Amino acid sequence: MQTTIRTTIRIRKDLLDQSRMLALHKGVSLQDIINEALALGYKHVSDLHMGKDAMKQIDNFRQRMVKKNIDLNKLIIASKSDQK
């Protein structure tokens, strides 16, 4: 069983009402619904962080490619020959 702590937080009334209705519909406690929502929120934040890292790597790759002298026509010809 996971360790829990008792805390007091302020939650918007409309969100609390929706959470109560969801808990009633699912047949679980309000605490379970709020814990699940918080866990999903933290996952979303970490996913955004990973996306930010990926975009940074793409930007770095683009900057490195700008410095290289690449002939587009040669790339197209090489690509066509690879496809054959």
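This is a guided tour of a predicted model, stop by stop, for use with a viewer.

**Before selecting anything**

Residue numbers start from 1 along each chain as its sequence is written. In this predicted model, local features need pLDDT of at least 70 and side-chain atom pairs count only at pLDDT 80 or more, while totals for chains, interfaces and linings use all residues; side-chain values use heavy atoms, with hydrogens and water left out.

**Stop 1: colour by confidence**

Colour the model by pLDDT, the predictor's confidence in each residue, from 0 to 100. The average for the protein is 83, and 96% of the residues score at least 70. Now select the helices (DSSP runs of H or I, at least four residues, numbered from the N terminus). H1 has the highest mean pLDDT among the elements, 93, and helix H3 (residues 72-83) the lowest, 80. Where pLDDT is low, the predicted coordinates should not be read in detail.

**Stop 2: Arg12 and Asp14**

Select Arg12 and Asp14 and show their side chains. They form a salt bridge, with N and O 3.1 Å apart; the term means a side-chain nitrogen of Lys or Arg within 4 Å of a carboxyl oxygen of Asp or Glu. The whole structure has four of these. Arg12 is exposed, at 52% relative accessible area, and Asp14 is partly exposed, at 37%. The classes are buried under 20% relative accessible area, exposed over 50% and partly exposed in between (1.4 Å probe, protein chains only).

**Stop 3: Lys13, Asp17 and Arg20**

Move to Lys13 and Asp17, whose closest N and O atoms are 3.0 Å apart in another salt bridge. The two residues are four apart in helix H1, which means about one helical turn lies between them. Lys13 is exposed at 61% relative accessibility, whereas Asp17 is partly exposed at 30%.

**Stop 4: Lys26 and Glu36**

Which two helices does the next pair tie together? Select Lys26 and Glu36, where a salt bridge spans 3.5 Å from N to O. Lys26 is in helix H1 and Glu36 in helix H2, so the pair links parts ten residues apart in sequence. Both side chains belong to partly exposed residues: Lys26 has a relative accessible area of 45% and Glu36 one of 38%. To finish with the charged pairs, add Arg20 to the selection of Lys13 and Asp17; salt bridges with shared partners join these three into one network.

**Stop 5: the largest pocket**

Select Ile5, Thr7, Gln31, Ile34 and Asn35. The largest pocket has a volume of about 510 Å³. Of its 13 lining residues, those five are the closest to its centre. Its lining consists of six nonpolar residues, six polar and one charged.

**Stop 6: the second largest pocket**

Select Ser19, Ile33, Ile34, Ala37 and Leu38. The second largest pocket has a volume of about 220 Å³. Its lining has 14 residues, and the five selected are the closest to its centre. Helix H1 (13-26) and helix H2 (30-67) are the elements that give two or more residues to this lining. H2 gives the most, six residues. By type, the lining has ten nonpolar residues, one polar and three charged.

**Stop 7: Ser19**

Keep Ser19, which sits in helix H1, and add Leu15. Is Ser19 buried or exposed? Ser19 is buried, with a relative accessible area of 18%. A polar atom of the Ser19 side chain lies 2.9 Å from the backbone oxygen of Leu15.

Definitions and conventions:
1 Å grid on protein atoms, 1.4 Å probe; cavity = no way out; pocket = protein on both sides within 12 Å on 5 of 7 lines; lining within 4 Å. Points joined across faces, edges and corners; volume = space filled by probe spheres on them. Nonpolar A, V, L, I, M, F, W, Y, C, P; charged D, E, K, R; others polar. Polar contact = N/O pair within 3.5 Å; in protein donor to acceptor, adjacent residues only side chain to side chain.
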